[in-house]
Amino acid sequence: MRAMTTTSAEKPTTTSSVLIGTLMACALSWLAGCTTSGPSAINPRNLAQSAVADTHLGWKPAPAHQLNYSLATSSGIARMEVRELPADLQTVTIELPGMRNVEGVQWRGGSGEHAMLFDGAEGADGVTLERQQRGYRLQLQGTALESIRSGGFLTVIDYYRN
């Protein structure tokens, strides 16, 4: 009788090992599909844009259900077009670097409605305008946010124009 020897290169494959490998590949692809099919984050670029040539609009990371923009202008009048905002959005923050003395924040909706959100002394319900080390920070929440949610134009006027 002869003894049979096998080397490591000659491992026999069985149906069960092929089946296990196939099942693992299917499970991994299913898990990968689950992680990519979650709700997409709000892209601030799709919700607002500069409305006049000398206004630069940028955006910054923000917590969930919030947007954070930066709005700068060379003329002292900054204007941004806001599209319809998601229903779960709770706060819009707009940094206004370079503005020295904001005298007004106005809103004009797409269907003609308008509102003075800040008149130089005080803001409407849900509007906060804070002086920063450099410029201002405008925050819209609650009633003010609901008034702009359908879209329109936001205009910020600085007293000191170039």
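Two strands count as paired when DSSP finds at least two bridges between them. With that in hand, I turn to the structure, which is a predicted model.

I begin with the hairpin of E6 and E7. These strands run antiparallel and are joined by 4 bridges. Within this pairing, Trp107 stands opposite Ala115 in E7. Between the strands lie 4 residues, and Gly112 in the hairpin takes a positive phi near 95°.

The hairpin belongs to an open sheet. Its 5 strands follow the order E1-E4-E10-E6-E7, with antiparallel pairing. Strand E1 (48–50) and E7 stand at the edges with a single partner strand each, so one side of each has no neighbour in the sheet. From one strand to the next, the twist averages 20°. Elsewhere in the sheet, 6 bridges link E4 and E10 in the antiparallel sense, and Val82 has Gly152 in E10 as its bridge partner.

Next, the nonpolar core. The largest one holds 29 residues, of which Tyr69, Met80, Leu85, Ile94 and Leu96 touch the most other members. Among the elements that each supply at least two residues of this core are strand E3 (66–73), strand E5 (91–96), strand E9 (136–141) and helix H2 (142–148). What does Leu96 contact, leaving aside its neighbours within four places in sequence? The contacts are Leu71, Val102, Leu129, Arg134, Gly135, Tyr136, Leu138 and Val156.

Finally, confidence. The protein chain has a mean pLDDT of 80, with 73% of its residues at 70 or more. Confidence is highest in E9, at 96, and lowest in helix H1 (residues 15–36), at a mean of 50. Over residues 26–39 the pLDDT is below 50, and this stretch makes 0 contacts in the model beyond near neighbours in sequence.

Technical notes: Residues numbered from 1 in each chain as written. Predicted model: local features only at pLDDT ≥ 70, side-chain atom pairs only at ≥ 80, totals over all residues. Heavy atoms only, no water. Core = buried A, V, L, I, M, F, W, Y, C linked by side-chain atoms within 4.5 Å. Buried < 20%, exposed > 50% of the residue type's maximum accessible area, 1.4 Å probe, protein only. Contact = heavy atoms within 4.5 Å. pLDDT = per-residue confidence, 0-100. Axes fitted to C-alpha atoms, helices over the stretch in contact; angles between N-to-C directions.
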